[in-house]
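Biologist: I should like to learn how to read the strands and helices of a protein model. May we go through the structure together?

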Amino acid sequence: MAIPRPLLILLFPIAFLMVTAMGETSAPSPDAAKGMLKSAAEVEKEESTKPVDGPAPADLSWWNRQIATFRATAEGLTPEVRTEKALSALDATASEWAEESFKKENATYEEQPSVRFLVGETYLFSLLEADLDVLAGETLDKASSETLTALNEIREARIKQASAEFLIKSTSRAIVATLIFVLAYVVLRWTTRRLAKFMVTRVRNWRRLRLGKSDLRPYLSTVFEQVVKLPAFFLFLYLLCVWVAYVFNQFPRTAPLGNAFTGHLLSFAKSIIAEFTGALPGLITAGVILFITRWIARIADRTISGLGDDSNKGVMANDAAKATRRIAVAFIWLFGIVLAYPYIPGSGSDAFKGLSVLIGLMVSLGSSGLINQVMSGFVLLYSGSVRTGEYIKVGEIEGTISEMGLLAVKLLNPAHEFLVIPNAVMLSNPTTNYSRLAEDTGVPLKTTVTIGYDTPWRQVHQLLMESANATEEILDSPPPRVVQNALSDWYPEYTLISYIKNPNRRTAVLSELNGHIQDAFNEAEVAIMSPHYNCDTPEPLVIPKNRWFPKVATPDKQES
């Protein structure tokens, strides 16, 4: 049967504790012991009381328990060397601890009182009066008593650690605690998944969760799922910390680590609660400011939205009203955030200040092109040259405007291709608006042909007019007309100008009109070609006067 992976991971600390508990490992270094046991406040206190001149203090720690602190140099030995010798003496006499007890005796060193510590009759180390922390009010009697107490605690812990019965009970309790923790983890994970699935299903079954055209249900379902998982994650961390502290406390050697771990967790939790309690008034104030900001923004949104009207009677066009509404709401929210910012916890810290500077630098370096597009968008929106729903032509691109934004204009061309044109490009290119005068004069429709000089121009005019009349959607008023744009070297250029009602039908109507033009010219046996010459003809290429008004055959006459 395969061992579950979470259980396998959790068994590694138990195995480590058992190995360290049963084996006689070497004593940890003073620095490592100090790092495991010393809190930040104690380290700061020691740094503040450390003398300016002289060697640095050294802590004597063994079996994860602090015994004493050496600050003075004795017999030419620095505090660090004294600590190493004391640890060597403790390690060398460890086998005598079960039969011999620790004791202390008063002595004198360089005419100053001191205390010697022994196990039986074997000398271990001395505590000098110069080792005391005078600023903290420490006395030699108090320090020596605390040192003796710490030594006796280590002696009792080693005796317990050597007891097989005690070790079996401790290991059994640690294994049972591990199994309970694994079971709690499995139950918590199963419950979290079921609850998250339930919340996601309920949110997705809601009907009215939309913001404009966006369906908010997928996003809210993700939010609710994380809201369920986040407390479960913190609960798992709490259970993990309780399990670690309990397992460590079962073994004498690691019991101080468990107590220190628990103490650090409690102090951390108290600091979090204190910080949250202190920040609560500021959070409430910021929340009230943002709530009022939201209320004002909604009023501005509704008021400005009601001003939009594409008719000439409105205060502004719908596109301009939409842009104005967004700008006003953005400024209102910006002002509200500026007011609420000082009340946010940590807003005055260097981290927040550095982040603000970084954001400002990024905006200033990367906003040159953005500002250009936005200003061009303002010109397009407030000039009213084009509006949403109108059929326009920009350069060689034409189509219906589907959306006008602060950065770009979105078009849908006759081929149903979605095009995005930056506002700066819109402003720098000539723009033809076919929809603006569609109600009054219709949408102009132009097509150009080039016919040789051997064809009478009146015949070309008549054929083009008949083609226009044959096209269904071309308006009778204004009537179609033909314009001769140019008399080139080899051919004249004719442009048929007609009008339609619906600008979105320009491409379809133009295609139909070109088809009628080809039919009309084919029936009249007139080639739609542009002749080119390499040399002059023997005879001048002119049209006799009797052919100036040719009779064009109609389809009825040809069928007869």
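Modeller: The discussion below takes up two groups of strands, a pair of helices and a single residue. Please keep in mind that this is a predicted model.

Biologist: How should one read a sheet, and which strands make up the open sheet of three strands?

Modeller: Strands of a sheet pair through backbone hydrogen bonds, either parallel or antiparallel. Here the open sheet has the order β3-β4-β5, and its pairing is antiparallel. β3 (102–109) and β5 (122–128) stand at the edges with a single partner strand each, so one side of each has no neighbour in the sheet. On average, neighbouring strands of this sheet are turned by 30° against each other, direction ignored.

Biologist: How many bridges link β3 with β4?

Modeller: Eight bridges pair β3 with strand β4 (residues 112–119) in the antiparallel sense. As an example, T108 has P113 in β4 as its bridge partner.

Biologist: Which helices accompany this sheet?

Modeller: Helix α5 (residues 140–162) packs on the sheet and touches β3, β4 and β5, its direction making about 150° with that of β3. Helix α4 (residues 79–92) lies across β3 and β5, and runs at about 150° to β5.

Biologist: Which strands are joined to β15 by bridges?

Modeller: Strand β13 (residues 443–450) runs antiparallel to β15 and is joined to it by eight bridges; V449 stands opposite Y494 in β15. Strand β14 (residues 481–487) is also antiparallel to β15, with six bridges between them, and R481 stands opposite I497 in β15. A hairpin of four residues connects β14 to β15.

Biologist: Is strand β15 mostly covered or uncovered?

Modeller: Strand β15 (residues 492–500) is mostly covered, with eight of its nine residues buried.

Biologist: How does one describe two packed helices, and what is the angle between α9 and α11?

Modeller: Two packed helices are described by the angle between their axes and the distance between the axes. Helix α9 (residues 318–340) and helix α11 (residues 368–383) pack at about 135°, with axes 8 Å apart. This angle makes α9 oblique to α11, and their crossing is left-handed. D319, A320, A323, T324 and I327 in α9 meet F378, L381 and Y382 in α11. The residues of this contact divide into six nonpolar, one polar and one charged.

Biologist: Finally, why does T293 count as buried?

Modeller: T293 counts as buried because its relative accessibility is 7%, and the cut-off for buried is under 20%. T293 is placed in helix α8 (residues 255–305). Leaving aside residues up to four places away in sequence, T293 touches I332, W333 and G336.

Methods:
Residues numbered from 1 in each chain as written. Predicted model: local features only at pLDDT ≥ 70, side-chain atom pairs only at ≥ 80, totals over all residues. Heavy atoms only, no water. Buried < 20%, exposed > 50% of the residue type's maximum accessible area, 1.4 Å probe, protein only. Pairing = 2+ DSSP bridges. Contact = heavy atoms within 4.5 Å. Axes fitted to C-alpha atoms, helices over the stretch in contact; angles between N-to-C directions. Parallel < 35°, antiparallel > 145°, perpendicular 65-115°, else oblique. Left-handed = near helix turned anticlockwise from the far one by under 90°. Nonpolar A, V, L, I, M, F, W, Y, C, P; charged D, E, K, R; others polar.
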